[in-house]
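Subject: Handover of a structure

Dear colleague,

Please find below the structure that I am passing on to you. A summary of what was found in it follows.

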Amino acid sequence: MTEPMRHCGKCGKDEPNVEFYPSFKHRHTCKGCHTIQRKAWRAANGDENRTAARASYKRDPEKYKKKKRDYYQENREKVARQFSDRYKADPDRFRGYARRWRADNPEKAAKVTRLSQQRLQDASLDGAARSGYEWTGWEMEIAGDTNRSLTEVARVTGRTYAASSRMRHKVLNDPKWMSAAGLRAAGTETGETS
Ligand SMILES: [Zn+2]
């Protein structure tokens with residue numbers, strides 16, 4: 001069976017449907033040409049956009065920070081999932097970002113490390129935001145994700161470092177917790193335990 005071909009009006013090639021974005025049902029621009037167009041647009045307008053956005057941010061940074069905080073608070077689970085999915089799809093990319101940023105900003109990096117250690121200590125002393133709440137499935141899943149550092153687990157879940165560490169140990173070692181976290185015990189098909 002031969003796939004019907006679509007014609008790209010930009011490059012003039014006839015290409016299979018997969019070479020066109022699904023939302024472009026009625027457009028005659030293939031993925032490759034669309035990417036080139038977007039790049040050209042960004043090269044022409046990107047700087048302007050960024051300058052405007054930056055100026056607007058500078059006028060009232062608190063407004064933007066609050067907006068971001070509120071969004072995060074209201075969509076904690078969604079944000080964590082999105083990040084988790086993107087991280088899982090390409091962990092090296094994110095590790096690379098962090099490494100490069102640290103290399104380029106050694107002083108800021110040292111400050112961030114100091115701050116996050118301080119915050120972890122404070123959290124451990126005062127009890128983290130979600131201390132005392134039962135762990136939810138997605139939190140356990142995050143705790144069991146060994147691509148994440150325990151610091152990150154603590155930050156994302158609002159738990160202490162110590163609590164995150166205990167939960168990771170449980171979900172990675174105890175079949176009961178493993179299935180609660182949606183992880184499968186090695187060698188079992190369903191994750192059920194007797
Ligand atoms: Zn094309």
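A residue counts as partly exposed when the number of other C-beta atoms within 10 Å of its own lies between the two cut-offs, that is, above the 12 or fewer of an exposed residue and below the 20 or more of a buried one. Arginine 102 has 14 other C-beta atoms within 10 Å, and it is therefore partly exposed. Please note that the model is a predicted one.

Arginine 102 belongs to helix 4, which covers residues 91-104. Its C-alpha atom is separated by 9.7 Å from that of valine 112, and the two residues are 10 positions apart along the chain.

As to the chain in general, the protein comprises 9 helices and 2 strands. Their order along the sequence is β-β-α-α-α-α-α-α-α-α-α. The chain has 194 residues, of which 12% count as buried. Among contacts with a separation of 6 or more, 42% are between residues 24 or more positions apart.

Two further valines may be set beside arginine 102. Valine 18 lies in the loop between strand 2 (14-16) and helix 1 (31-59). With 10 other C-beta atoms within 10 Å, valine 18 is exposed. From valine 18 to methionine 5 the C-alpha distance is 9.8 Å, at a sequence separation of 13 residues. Valine 79, by contrast, is part of helix 3 (residues 76-89) and counts as partly exposed, having 14 C-beta neighbours inside 10 Å. In sequence, valine 79 and valine 156 are 77 residues apart, yet their C-alpha atoms are 9.4 Å apart in space.

Helix 2 and helix 3 were examined for length and burial. Helix 2 (residues 61-74) has 14 residues, which at 1.5 Å a residue should span 20 Å; the end C-alpha atoms are 20 Å apart, in agreement with that. The number of buried residues in helix 2 is 0, so this helix lies largely in the open. Helix 3 also has 14 residues and reaches 20 Å from its first C-alpha to its last, close to the 20 Å expected. Helix 3 is hardly covered, as its count of buried residues is 0.

Where, then, is the largest nonpolar core? This core has 12 residues: Trp135, Met140, Ile142, Ala143, Val153, Ala154, Val156, Ala163, Met167, Val171, Met178 and Ala181. At least two of its residues come from each of helix 6 (137-143), helix 7 (150-157) and helix 8 (161-173). In soluble globular proteins, nonpolar side chains tend to be buried together.

How do two of these helices meet, and at what angle do they cross? The axes of helix 7 and helix 8 come within 8 Å and cross at roughly 110°. Angles of 65 to 115 degrees count as roughly perpendicular, and helix 7 and helix 8 are therefore roughly perpendicular to each other. The contact of helix 7 with helix 8 has 4 nonpolar, 4 polar and 1 charged residues. On the side of helix 7 these are Leu150, Thr151, Val153, Ala154 and Thr157, and they meet Tyr161, Ser164, Ser165 and Arg168 in helix 8.

With kind regards

Terms used. Residues are numbered from 1 along each chain as its sequence is written. This is a predicted model: local features need pLDDT of at least 70, side-chain atom pairs count only at pLDDT 80 or more; totals for chains, interfaces and linings use all residues. Helices (H or I, at least four residues) and strands (E, at least two) are DSSP runs, numbered from the N terminus. The expected span of a helix is 1.5 Å times one less than its number of residues. Two residues are in contact if their C-beta atoms, placed from the backbone, lie within 7 Å. A nonpolar core is a set of buried Ala, Val, Leu, Ile, Met, Phe, Trp, Tyr and Cys residues joined through C-beta atoms within 7 Å. Axes are lines fitted to C-alpha atoms, for helices over the stretch in contact, and angles run from 0 to 180 degrees between N-to-C directions. Angles under 35 degrees count as roughly parallel, over 145 as roughly antiparallel, 65 to 115 as roughly perpendicular and the rest as oblique. Ala, Val, Leu, Ile, Met, Phe, Trp, Tyr, Cys and Pro count as nonpolar, Asp, Glu, Lys and Arg as charged, and the others, Gly among them, as polar.
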